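Reader: Could you take a close look at one part of this model for me? I'd like to see how a chosen piece fits into the chain around it.

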Amino acid sequence: MSQRRAVRQIVSAASAAVLMAAIFVCVASAFAQEQPAGATADDRAQAFQAVTGATKEDVPGGPLLIAAYAVVWLSVFGYVLRLGRLHGDVAQSLARVESAVTRASAQARAPGSE
Amino acid sequence: MPQPTPARTTTARPVVLSILTAACALLLLAALYAIFVVAPVEKQMGIVQKIFYFHVPSAYAMYVGFTVSAVSSAVYLAKHDERWDAFAVAGAEVGSLFCVIVLVTGPLWARKAWGTFWTWDPRLTTTLLAGMVFFAYLVLRSFGSVGEVEKRFAAGLAVFGLLDLPIIHFSVQRWRGTHPTVITGKGGGLHPDMKPALLLGFVFFTALVALLIWQRARVERLRQRCEALEIEAAERGLLEEG
């Protein structure tokens with residue numbers, strides 16, 4: 001049982017590592033595209049347009065982008081891990097209570113138990 | 001004297017849930033490809049605008065979670081059925097997860113777009129308010145051995161939280177703030193090459209929020225059955241030894 005759990009944990013960790021690597025590759029490829037600058041707040045709020053030609057950023061967006069995606073994935077993975085642990089604990093408690101009740105019921109039904 | 005029936009509970013994962021999990025993994029890869037390879041860099045904000053493709057669907061997932069929680073709470077108040085309470089807890093928890101994501105990714109984007117991490121813009125403020133309402137719900141439910149009164153009070157709080165959701169949505173139209181209105185506004189909208197990334201983001205987050213709520217509700221149902229069985233067996237003196 002604990003061996004299966006260890007295997008499951010290793011598989012989960014490997015999947016997370018592959019996913020992180022995929023995100024890293026995608027972000028790196030996005031960095032290859034050049035950045036532009038300047039415009040009014042209304043322009044930024046009402047329309048998103050594709051960049052044309054090479055430009056430069058004043059506030060580097062890369063670290064902000066990486067931080068945002070890290071938050072998204074760490075939060076979701078953290079929650080999934082918590083959910084898995086909660087499910088395991090509840091299933092274990094339920095099995096314990098069920099077996100205790102079954103045992104107690106069998107003893108109560110046994111002849112001469114009254 | 002009748003004996004308590006041991007719950008014939010299965011903890012096995014349904015096939016549909018496994019299929020949904022696999023679909024989520026595939027959709028995630030497709031969404032990441034569309035965001036970082038297909039969608040172009042935005043002209044005014046640069047690469048940081050790519051936060052948009054997960055930030056907006058996260059907000060949508062937050063709406064779904066909180067709505068599930070509020071509607072399930074209302075049905076629980078009317079019917080006193082524990083199944084609805086399980087969905088209410090699941091919706092509140094998953095909705096809060098996405099609310100945190102929205103409230104963290106938004107300011108990271110705002111730092112570049114507005115030059116500040118936070119501003120008391122109507123949409124930001126009302127989103128924070130919704131997060132606080134459902135956080136209060138979770139705090140209330142996290143107290144040990146939650147009784148009927150606490151459950152009903154928490155359910156009322158979730159229904160109250162639902163009132164804030166339309167306010168978040170229409171706040172940018174009613175009280176024009178600085179929050180972008182690219183999808184719902186009258187501006188230039190999205191560049192055509194950006195639309196597949198956003199669409200895949202929405203599809204992925206729909207599958208993810210459904211998966212998480214379903215799984216959390218299953219765990220909550222198991223916990224409820226375990227608790228009920230423990231109480232019933234203890235009342236009949238079957239668990240005295242251990």
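Author: Let's start with the chain as a whole, keeping in mind that this is a predicted model. In chain B, 78% of the contacts with a separation of 6 or more are between residues 24 or more positions apart. The chain has seven helices and zero strands, so to speak of its order from the N terminus is just to write α-α-α-α-α-α-α. Of its 242 residues, 50% count as buried.

Now for the part itself: where helix 2 of chain B (residues 52-79) packs on helix 7 (residues 195-235), with an angle of about 35 degrees and the axes 9 Å apart. The crossing is right-handed. On the helix 2 side, the residues that take part include Phe52(B), Tyr53(B), Tyr60(B), Ala61(B), Val64(B) and Val68(B), and among those they meet in helix 7 are Leu198(B), Gly201(B), Phe202(B), Phe205(B) and Ile213(B). Sorted by class, this contact has 15 nonpolar, four polar and no charged residues.

Helix 5 of chain B is worth a glance alongside. Its 15 residues, 148-162, should span 21 Å at 1.5 Å a residue, and the end C-alpha atoms are indeed 21 Å apart. Lys151(B), Ala154(B), Ala155(B), Ala158(B) and Gly161(B) are buried there. Down the helix axis these buried residues fall within an arc of 115 degrees, so they line one face. The face turned away from that buried side carries Val149(B), Phe153(B) and Phe160(B), which are exposed.

Definitions and conventions:
Residues are numbered from 1 along each chain as its sequence is written. Chains are lettered from A and ligands numbered from 1 in the order in which they are written. This is a predicted model: local features need pLDDT of at least 70, side-chain atom pairs count only at pLDDT 80 or more; totals for chains, interfaces and linings use all residues. Side-chain values use heavy atoms; hydrogens and water are left out. Helices (H or I, at least four residues) and strands (E, at least two) are DSSP runs, numbered from the N terminus. The expected span of a helix is 1.5 Å times one less than its number of residues. Buried means under 20% relative accessible area, exposed over 50%, partly exposed in between (1.4 Å probe, protein chains only). The arc is that of the directions from the helix axis to the C-beta atoms. Axes are lines fitted to C-alpha atoms, for helices over the stretch in contact, and angles run from 0 to 180 degrees between N-to-C directions. A crossing is left-handed if the near helix is turned anticlockwise from the far one by less than a right angle, and right-handed if clockwise. Contact means heavy atoms within 4.5 Å. Ala, Val, Leu, Ile, Met, Phe, Trp, Tyr, Cys and Pro count as nonpolar, Asp, Glu, Lys and Arg as charged, and the others, Gly among them, as polar.
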